[in-house]
Amino acid sequence: CTLRNWLNSEFLNKAFSADEKKAILMTQVDNSYSQGYGDWDTTGGNNTQDKVFLLSYAEAGKYFADDASRKCAPTDYAVPQGGDTSSSEKVDGKATRWWWLRSPGGRQNRAACVTDSGSRRSIYVSHSITVVRPAFWIKLESDIF
């Protein structure tokens, strides 16, 4: 998809130095049915290999213990790019925003996401105020740490 393409090209090249990019590991991204919500009878397509990716519905539950820990405020860079800050939900005093997951949303034209309150659900892919929260694995043995 265009978002996956952007994450692994323009975003990767602008957000990280050459040394930082060397520390980011190529990841086998699991897009199987098990990564989505069980009631959504939709697979995420073929597995991919990416340096930067979005978390799946299942991973957002695994790596964030509860709704409060999934809340996300747009960065100072994201706000002028369209990362809306009108939510009444807050994290560290900043307004939170919905963020995309890579899992399908169960119906055509929908994708999984995390809401401004931290719950996981799905929304139409045309939802314009949902932000991107990139994920990646790094090599801790890298010289930059």
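**Entry 1: pockets**

I began with the elements around the second largest pocket. Helix H1 (2-15), strand S2 (48-50) and strand S5 (99-104) each give at least two residues to its lining. I am working on a predicted model.

I then asked for its volume. The second largest pocket holds about 380 Å³ of space. I counted 19 lining residues, with Cys1, Arg4, Leu54, Leu101 and Arg102 closest to the centre. I sorted that lining by class: eleven residues are nonpolar, five are polar and three are charged.

Next I went to the largest pocket. I read off a volume of about 540 Å³. I found 22 residues in its lining. Nearest the centre of the largest pocket are Trp6, Tyr77, Ala78, Val131 and Val132. I noted 14 nonpolar residues in this lining, along with seven polar and one charged.

**Entry 2: enclosed space**

How many cavities of 30 Å³ or more does the whole structure have? My search returned one. I put the volume of the largest cavity at about 50 Å³. I listed 13 residues lining the largest cavity, and those closest to its centre are Asn31, Ser32, Gln35, Ser103 and Pro104. By class, I get nine polar residues in the cavity lining, two nonpolar and two charged.

**Entry 3: cysteines**

I checked for disulfides. A disulfide is a covalent bond between the sulfur atoms of two cysteines. I used a cut-off of 2.5 Å between cysteine sulfur atoms. The count is zero.

I looked at Cys1 on its own. Its nearest cysteine sulfur belongs to Cys113, 15 Å away, and Cys1 is in no disulfide. Is Cys1 buried or exposed? I find Cys1 exposed, because its relative accessible area is 70% and the exposed class starts over 50%.

I did the same for Cys72. Cys72 is in no disulfide either, and the nearest cysteine sulfur is that of Cys113, 12 Å away. I class Cys72 as buried, because its relative accessibility is 10% and the limit is under 20%.

I also came back to Cys1 for its place in a pocket. Cys1 is among the residues closest to the centre of the second largest pocket.

**Entry 4: Trp99**

I located Trp99 in strand S5. I read its relative accessible area as 0%, so Trp99 is buried. What does Trp99 touch, leaving aside its neighbours within four places in sequence? I listed Leu55, Ala60, Phe64, Arg70, Cys72, Cys113, Val114, Thr130, Val131 and Arg133. Two cysteines, Cys72 and Cys113, are in that list. Val131 is in the list too, and I had already met Val131 among the residues nearest the centre of the largest pocket.

I looked for a polar partner. The side chain of Trp99 has a polar atom 2.9 Å from the backbone oxygen of Arg70. Arg70 is also one of the contacts listed above.

I took one C-alpha distance as well. Trp99 and Gln35 lie 64 residues apart along the chain, and their C-alpha atoms are 17 Å apart. I recognised Gln35 from the cavity, where it is one of the residues closest to the centre.

**Entry 5: Ser122**

I closed with a serine. Ser122 sits in strand S7, residues 120-124. I class Ser122 as buried, because its relative accessibility is 9%. Which backbone oxygen lies 3.2 Å from a polar atom of the Ser122 side chain? I found that of Gly105.

Note on methods: Residues are numbered from 1 along each chain as its sequence is written. This is a predicted model: local features need pLDDT of at least 70, side-chain atom pairs count only at pLDDT 80 or more; totals for chains, interfaces and linings use all residues. Side-chain values use heavy atoms; hydrogens and water are left out. On a 1 Å grid over the protein atoms alone, a cavity is a set of points where a 1.4 Å probe fits but cannot get out, and a pocket is an open set with protein on both sides within 12 Å along at least five of seven lines; lining residues have an atom within 4 Å of a point. Grid points are joined across faces, edges and corners, and a volume is the space filled by probe spheres set on the points. Ala, Val, Leu, Ile, Met, Phe, Trp, Tyr, Cys and Pro count as nonpolar, Asp, Glu, Lys and Arg as charged, and the others, Gly among them, as polar. Helices (H or I, at least four residues) and strands (E, at least two) are DSSP runs, numbered from the N terminus. Buried means under 20% relative accessible area, exposed over 50%, partly exposed in between (1.4 Å probe, protein chains only). Contact means heavy atoms within 4.5 Å. A polar contact is a pair of N or O atoms within 3.5 Å; within protein, one must be able to donate a hydrogen and the other to accept it, and residues adjacent in sequence count only if both atoms are side-chain atoms.
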